[in-house]
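I opened the model to look at overall build first and at contacts between chains after that. My notes are below the structure.

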Amino acid sequence: MTAVLGADLGRGSGPLTGVGLAFRRALRADRWFWLIWVLVLWSFIPATATAYRSTISDDAAGREVAAGLAANPTMRAMLGPPYDLLHVGGFTMWRVGGFVAMISGVMAVLGVIRATRAEEEAGRTELLRSAAIGRHALLAGAVGLGLAASGVLGLLIAASAVGLGTPVAGSLCMALGIALTAAVFVGVGAVTAQLSASARTARGVGLSVVGAAYLLRAVADGSGTSVRWLGWLSPVEWAPLARPYAAERWWVLLLPLVVAAGLIALAFSLEARRDHGAGLRAARPGPARGGEAFDSADALAWRLARPGMIGWGVGLIAFAVVMGSLADVFETVADSPELAERFRRMGAGAADLRLAFFVAMLGILVVLVAIWALQLVEHIRKEEESGRAEAVLATATSRPRYLGAHVIPAVVVPTLVLAAIGVLLPLQSGIATKDVGLIGRVLGGALALAPGVWLVLGVAVAVHGLAPQLALLPWVVVGWSLVVNWIGGVLGFSESLLKTTPFGLLPRLPAEPMAWTPVIVESVVAGLLIAAGFWGYQRRDVG
Amino acid sequence: MRYVSAVIDISGLVKTFGPTRALDGLDLRVEAGQVHGFLGPNGSGKSTTIRVLLGLLRPDAGTARLLGGDPWADAPALHRRLAYVPGDVSLWPNLSGGEIIDLLGRARGGLDGPRRAELIDRFELDPTKKGRSYSKGNRQKVALVAALSSDVELLLLDEPTSGLDPLMERVFNQVVAAERDRGRTVLLSSHILSEVESLCDHVSIIRAGKLVESGTLADLRHLTRTLINVESDSPPRQLAEVPGVHEVQVTGRLLTAQVDATAMGEVLGILAGSGVRSFTATPPTLEELFLRHYDGTS
């Protein structure tokens, strides 16, 4: 009998038994997630490469534009130092290579957590683990899928870059750099998935790592040579540091390779130390009674929003402070008409490089604020899907009160943080140059963008009240805004295309004069959309 | 407190979800003070009915009145007077059970502190655990304590004992019996018949969104057949000819048969003259009632 049992156990009973099955399960469940992310990320490379000649022409004027871009500190802080802007490959790597590497990190973190901790928290992996599947098989399957997706992204990039006629070595170096950056964040996702029992916390920690890495390299590249070495600490800087298309330094790519392997190994050893369903730390008991003020839908909405508020609020404010510290080294320079035009597109026409920088930063930050605001109203949908909205609506809580409990903080708090960004971004520069008026002008610029955030919220609330099946729509709106604001300018988007976001029509103070019409119209439309959402929510079925 | 109209008064209620007709002209009436069993198989429309009563779903046709008000238009005001336990309890993963009980109780308009403590004790619930770490039965207990701690007129309980162990089920039965004695009205949906049988004085049975039977348990038993077992020296085979007697089987000295309530007198008369040595009569359980309504033939 023992012998029979022994024989059975002997056949494939290691911690990785069933890894193939786990890989296929993750692929089946998340194939659209990975497919869309990989294709969208890849598309930036050929799109930028083919737009190269329309950006930098093959003559003296083109070389002047390239020199201007290379010297522009805003561009350095946002995109890193350029090595070769006079050829398609080098320009593409500088313009979108680092960006794609960073966003592939977002993809990797979300994808790995989606297939591991999120499934575990939902209780779905328990059933799988009861089958003949090893302790590490599910994590290994998810990591394997993340690495495979990174590899496919790399292959697509390499093939398209070579196909567009850029040098083979540079293409391979760029593709490998981006794929290995994604692999590092596969490791980050795998580690953060082990830390906490909550997928939301894991995502928060993982994305904070991406954000911190970006901020670190922005400081390194934006603030001159003294802290340039900081860039070596940032995983999203390693691909640019390998210098694709500019005398490739292949050895730099050992860095992401080793770190990715180390993080993945760490994830497996952490997983071996914890119970299924648990984080690294045992769950602490909560209070036996709710606090005095914990008595209504409003209190609940604040409580649910609190962890995200702290994370996003602190992150955005830190971003504003760090970016603000880069601005005091900028000088006003006289520009050629060609360069002025380029900066007008990037920073809404401010001849003052410092103002152009603030305007560009506000353009990026306001989209992040909108994403956060959207996440706050997103709670209502999750509450409804999980059946918890039903529990609250079965108490003496009216529909408008319930919806308002979530919508009001989502309008108020991000708007306040946007105002704080408007103060903190120019604060150091304003103090250093004794130009206090600057702070007021940039604050005005931040507030002029607030109606765009409200419009995104309006779309989300209207969708929730009138057509909850369209929940993806507001995300498409902010996703498009992110693409347009971050890279639309240099990607050669037409002027009318650049204006197709909730922020595109708003005046870009202080570089442009105030225009009340779009500000008032967008505010009113946002208000009407929110009102329509409340109207619909009072009339539709819930649950 | 007296109600001119019933606590729950539903007539001709229709609710469709796309092509599915979840409620198809449902009638339901629950009087004040009743513990009313609401029986039906899965998917028969019990939860949909309760959600209409909570104002979460808007009916397509028909009327629903709750505590004298309109469940859709007057939802928040009516909800102060009722408490609800959903069939599938989902808790906030980061809130402790105690916080959830307090939140729901207070949002309803207040809860009775000593009663809350007593219920937590009786249900042996640990209120300091986080929502995500409760088992199914314990999530159910959190919802039950939250609902029962409030001083309300009406309890809407949607399959409240699913997930409770037999010991806790007994505690639940005792608590609901005490609520009944205090004059509360209870609507208890279930497909667990023994639970309804021991707690409820009235029963409504629905199937495919329609009411098929409603009345007191005694009323419903009139509609059903009693199983008799007779041991006799000469079993009276002529029983088979009596109208209302079915499935007569004789094996040696033993006879079994199904007897309609209307034929019982005549059957006993015949048995009296046939040297009966032992006799048992088993009244129908709700299981049998249920099977008859749902086996698709009757």
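These entries go from the fold of one chain to the contacts between chains and then to domains.

Entry 1, status. I am working from a predicted model, and I read every value here as computed from that model.

Entry 2, secondary structure. I looked up the elements of chain A and found 22 helices and 0 strands.

Entry 3, overall dimensions. Along the principal axes, I get a box of roughly 90 × 60 × 40 Å for the C-alpha atoms of chain A. I then checked the radius of gyration, which is 25 Å for chain A. A compact globule of 543 residues would have a value near 24 Å, so the two agree.

Entry 4, packing. I find that 50% of the 543 residues in chain A are buried. I also took the contacts in chain A between residues at least 6 apart in sequence, and 77% of these join residues at least 24 apart.

Entry 5, contacts between chains. How many residues of chain A are in contact with chain B? I count 29 residues of chain A, in contact with 32 residues of chain B. On the chain A side, helix 14 (297-326) and helix 17 (388-393) each supply at least two residues. The largest share, 5 residues, comes from helix 17 of chain A. Sorted by class, the side of chain A that touches chain B has 14 nonpolar, 10 polar and 5 charged residues.

Entry 6, domains. For chain B, I noted the assignment of domain 1 (8-220) and domain 2 (223-294). Taken over C-alpha atoms, the centres of these two domains of chain B are separated by 39 Å.

Key
Residues numbered from 1 in each chain as written. Chains lettered and ligands numbered in written order. Predicted model: local features only at pLDDT ≥ 70, side-chain atom pairs only at ≥ 80, totals over all residues. Contact = placed C-beta atoms within 7 Å. Helix = DSSP H or I, 4+ residues; strand = E, 2+ residues; numbered from the N terminus. Nonpolar A, V, L, I, M, F, W, Y, C, P; charged D, E, K, R; others polar. Domains from an automatic or database assignment. Rg over C-alpha atoms; globule rule 2.2 N^0.38 Å. Buried ≥ 20, exposed ≤ 12 C-beta atoms within 10 Å, placed from the backbone.
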